[in-house]
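Okay, thanks for making time, everyone. I'll put the structure up and walk through a few spots in it.

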Amino acid sequence: MPRVVDSILAMPTLTPPSSTAPLVWNRRHLLGLQGLSAAELNLILDRAAEFKRLHAAGHTKLDHLKGVTVGNLFFEPSTRTKTSFSLAAKRLSADTVDFTASGSSLSKGETFIDTARNIEAMGVSQMVVRHSSSGAPHHLARHLNAGIINAGDGTHEHPTQGLLDIYTIREHRGRIAGLTVALVGDILHSRVARSNIWGLTTLGARVIVCGPATLIPPEIERLGVEVSHNLDDVVPRTDVINLLRIQAERQRSAFFPSIYEYAHFFGMNGDRVRRARKDVLILAPGPINRGVELTPDVADGDRSVILDQVTNGLFIRMAGLALLHEASQT
Ligand code: CP
């Protein structure tokens, strides 16, 4: 099995923001934020903002996906992503099919690709895919005609989470360029970290990754980020602190002595918030482990925008579904 860092470093370098980037979305799939231009990222963010404005004006049911069937294929558990993709598709008038691995014919030996092909054969033209294996959605994109949206693949990327994080920051700060964003925690196993790094750096933010040395991939600086192992040093010089979950399900060995020690050195608590900038934004992709990555007073405090992230996720997913459908019609 290749090391996580090998797969990161094997990826091509960032595409610099381009003034000639397309203003029309022309990709059939949304598999990651790596390689998307600033113009493409802004196109998704702006479309999400438009859907949010329409929703606030009372347009809760739109017809962008009328006659389209969207499949939600979740081979790993999810609360936020699965629910918001399903709701996003319904808000755009699509029919939806929800598939979960448990209780399916996978237990009888049917393969991943055969499962997806059978669902496609029922007329599903867009598939939202979450899988524990990095690259699983890319595999489907090569073998199916349906448009594929990556809803989180192993330790690789979670593009709509990265986009909703960036959207929430932009909504509160009015910009991304020039901000300093800290990603704190289990960077090694985090697909959310990777999507944030690609998206934020392309849009001109400075990114600091912070965590125990065992949870930071070696040479990650080559992705254009600063590395720190000292949260108390990072906190006062950041505009945004995004607290990533300890991915116990992906950790095959002990990466730190105890959860208490982790919380002591890398958990966000009230004392640390008081030492942060007055307008610091506290993000967490969820699910959160209260008392580990952040204390309840911080999670529920006035600097937290965690539930704003969840709300905005709906509009980001509407934007992704609509743009992919429009690209499939040209
Ligand atoms: N942030 C996120 O992906 O949450 P879920 O696993 O609940 O979808």
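So, which polar backbone atom is 3.0 Å from a nitrogen atom of the ligand? That's one belonging to Gly-286. Before I go on, keep in mind that this is a predicted model.

Let's stay with the ligand. Another polar backbone atom, this one from Pro-285, sits 2.9 Å from a nitrogen atom of the ligand. Then there's Arg-80: an N or O atom in its side chain is 2.9 Å from a ligand oxygen. As for cover, the ligand on its own would expose 260 Å², and the protein buries 91% of that.

Who's in the shell? Going round, we've got Ser-78, Thr-79, Arg-80, Thr-81, Arg-130, His-158, Gln-161, Pro-285 and Gly-286. By class, that shell splits into 6 polar residues, 2 charged and 1 nonpolar.

Okay, on to the aromatics. Searching the whole structure turns up 3 aromatic pairs. Take Phe-75 with Phe-99: the ring centres are 5.3 Å apart and the planes make an angle of 50°, so we call the pair tilted. For those who like cut-offs, tilted is what's left once you take out planes under 30 degrees apart, which are stacked, and over 60, which are edge-to-face. This pair ties together distant parts of the chain, 24 residues apart, with Phe-75 in the loop between β1 (69–74) and α3 (80–91), and Phe-99 in strand β2 (residues 95–100).

Buried or exposed, that Phe-75? It's buried, at a relative accessible area of 14%. Phe-99 is buried too, at 12%. And there's a third ring to mention here, since ring pairs join Phe-75, Phe-99 and Phe-112 into a cluster.

Elsewhere, Tyr-262 and Phe-266 make another tilted pair, with 5.7 Å from centre to centre and 35° between the planes. These two are 4 residues apart in helix α9 (residues 259–266), so about one helical turn separates them. Both Tyr-262 and Phe-266 are buried.

Last stop: Thr-168, which you'll find in helix α6 (residues 159–173). Its relative accessible area is 0%, so it counts as buried. What does its side chain make a polar contact with? The side chain of Asn-312, at 3.0 Å. If you skip the neighbours within four places in sequence, Thr-168 is in contact with Val-305, Asp-308, Gln-309 and Asn-312.

That's my tour, so let's open it up for discussion.

Technical notes
Residues are numbered from 1 along each chain as its sequence is written. This is a predicted model: local features need pLDDT of at least 70, side-chain atom pairs count only at pLDDT 80 or more; totals for chains, interfaces and linings use all residues. Side-chain values use heavy atoms; hydrogens and water are left out. Rings of Phe, Tyr and Trp (its six-membered ring) pair if their centres lie within 6.5 Å; planes under 30 degrees apart count as stacked, over 60 as edge-to-face and the rest as tilted. Buried means under 20% relative accessible area, exposed over 50%, partly exposed in between (1.4 Å probe, protein chains only). A polar contact is a pair of N or O atoms within 3.5 Å; within protein, one must be able to donate a hydrogen and the other to accept it, and residues adjacent in sequence count only if both atoms are side-chain atoms. Contact means heavy atoms within 4.5 Å. A residue is near a molecule or strand if one of its heavy atoms lies within 4 Å of it. Accessible areas come from the Shrake-Rupley method with a 1.4 Å probe; for residues, only the protein chains shown count as cover. Ala, Val, Leu, Ile, Met, Phe, Trp, Tyr, Cys and Pro count as nonpolar, Asp, Glu, Lys and Arg as charged, and the others, Gly among them, as polar.
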